[in-house]
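Visitor: I am new to this structure and would like a close look at a single part of it, one strand and its surroundings. Could you take me through that part slowly, and then lead me outward from there?

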Amino acid sequence: MKKRVLLIDDEARVRTSLKMVLEPNYEILQAADAQEGLDTFRKEGPDLVLLDVVLPGTDGLAVLETLRSESRMTPVIMLTGTKSVKTAVDAMKLGAADYLSKPFDVEELRIVVDRALSSQALEREVKQLRAQVVQRYAFHNLIGKSQGMQEIYAKIEQVADSRTTVLITGESGTGKELVAKALHYNSGRRERPFIALNCAALPETLIESELFGHEKGSFTDATARRVGQFELANTGTLFLDEIGDLSAMTQAKLLRVLQEREFTRIGGVQSIKVDVRIVAATNRNLEDMVRKGQFREDLYYRINVISLFLPPLRERGEDIPLLAKHFLAKRVEEEKRPHIEFGKEALEVLTRYPWPGNVREMENIIEQAFIWSQNCPQITQEHLPTIMKSDSRSSSLRDDTLAGRMSLEKAVMEFEREIILDALKRTNYVQTHAANLLGISRRMLKYRMDTLGIGRPDSGNSQEPDPPVQE
């Protein structure tokens, strides 16, 4: 479908010339005066407007001002018979996309129109993508109904639209960066940059340059000026992940920036002022580090204005099924697969597992289960890692023993049976290999198999025969 271009010019010959040049590629709409142009604009909604500066009755710049107030996304290119610099400047100040003088060059006209429409398409795409990001991190999209997480969401909503510094603490994988993004995209800075920097991922020799930038020639490898993360995040949010890993020297320089709101690039002499909101995160105990002299006390109080603690996933049992279903639905949508759900036993395994890697580990495990469950309507416990089932089974045995539903002897035997079976499966039932895996002799393994009633599966599963046990 062709883009539509509206020509607003009182000279019929000019409109005819413009139409001849543009019509092969665009649908052309015409208007001979300001009022007709505004009426056509409002009725037809063109993709671009070519507007004469001099119009009967109404000045073209006044029409431009009206057009821009009614539609910021529609580019307007001004046309004039004079080459007044002041007129061009005034038009650009009012939001004109470009400016052409009559008589215009045909090739230049085509280039200017194509460029304006391409910029419009890019701007719309950026706006759409930004809206999707904002929607993704909206409050109602945060997953978790446990009391701890509901309290976190309430705090996020309270402090999001401010410039207050926030410190997010919690174990690795609990979703600290997700909370930082929720703070940013629910604030007045949502249209501005969100820059994330993992302080633990950079060597000490690079962290200062990464934060503040450097001038060309300031050190051996500085072959060009580099803009640091503070400059890139200006008017937006800078997320400093694992801030507890910063060296004492970098801590001192960061403190100065937070106090003065200005810094100097490495090798530079000019101070650069910035308006940046700081959100910091760590999985370390900063209070303990302060007591031990490993983290500056003044920096700690500077970043710990508002503190948000993210509880580990093992303490959020009621959130586990919600998160698992969320990650599964996400994969189904990405891969365009038919509907798939979790089986009851699989959900029980997920719920009992202690999740040492927290939410990040869950997302990875759900992705693995999704892959292993190709062509299956359900994710079963067979699609989950063995370690999860072992942990779930041991937790169940412990609970049954402590509740008096099973004797200690029986629980130990069941647990031993699970471990031996797992070792046999891993080694394709080659007993010598299974015994080596368990750190016992093959004779002892055979004795435990007989005692626990573990037999060999159908012949053919073993890749190599075991030698007979010598009496």
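Guide: Let us begin with strand β4, residues 76-80, where 5 of the 5 residues are buried, so the strand is largely enclosed by the rest of the structure. Please keep in mind throughout that this is a predicted model. In a regular strand the side chains alternate between the two faces of the sheet. In β4 both of these faces are covered, with V76, M78 and T80 buried on one side and I77 and L79 buried on the other. The strand has a partner in β3, residues 48-52, to which it pairs in the parallel sense over 4 bridges, and within this pair L51 stands opposite M78 of β4.

From this strand we can turn to a sheet, an open one, which is formed by 5 strands in the order β7-β10-β13-β6-β14, with parallel pairing. At its edges stand β7 (194-198) and β14 (306-309), each of which has a single partner strand, so that one side of each is left without a neighbour in the sheet. Neighbouring strands of this sheet are turned against each other by 20° on average, if direction is ignored. The partner of the edge strand β7 is β10, residues 237-241, which runs parallel to β7 and is joined to it by 5 bridges, and here L197 stands opposite L240 of β10.

Following the chain from β10 leads to a loop between that strand and α10 (248-260), and this loop holds E242. Although E242 is not a glycine, its phi is positive, at about 55°. Most residues other than glycine have a negative phi, and most peptide bonds are trans. With a relative accessibility of 12%, E242 counts as buried, because the cut-off for that word is under 20%.

K336 can be set beside it, since K336 also has a positive phi of about 55° without being a glycine. Its place is the loop between α13 and β15 (341-342), and at 69% relative accessibility K336 counts as exposed. The peptide bonds offer a further detail to look for, as K102 and P103 are joined by a cis bond with an omega of about -10°, and P103 is found in the loop between β5 (98-101) and α5 (106-136).

The helix that comes before the loop of K336 is α13, and this helix, residues 320-335, has an axis that comes within 9 Å of the axis of α15, residues 358-372, the two crossing at roughly 50°. That angle makes α13 oblique to α15, and the crossing in which α13 passes α15 is right-handed. On the side of α13 the contact is made by residues including I320, L323, F327 and R331, and on the side of α15 by residues including V359, M362, I366 and F370.

A last stop is helix α18, residues 431-438, in which Q431, A434 and A435 are buried. These residues cover an arc of only 100° around the axis, which puts them on the same side of α18. The buried residues of α18 pack against two other helices, α17 (408-426) and α19 (442-452). After α18 comes G439, whose phi is positive and near 75°.

To return to where we started, β4 is the strand with both faces covered, and its pairing with β3 is parallel.

Conventions
Residues numbered from 1 in each chain as written. Predicted model: local features only at pLDDT ≥ 70, side-chain atom pairs only at ≥ 80, totals over all residues. Heavy atoms only, no water. Pairing = 2+ DSSP bridges. Axes fitted to C-alpha atoms, helices over the stretch in contact; angles between N-to-C directions. Buried < 20%, exposed > 50% of the residue type's maximum accessible area, 1.4 Å probe, protein only. Arc of directions from axis to C-beta. Contact = heavy atoms within 4.5 Å. Parallel < 35°, antiparallel > 145°, perpendicular 65-115°, else oblique. Left-handed = near helix turned anticlockwise from the far one by under 90°.
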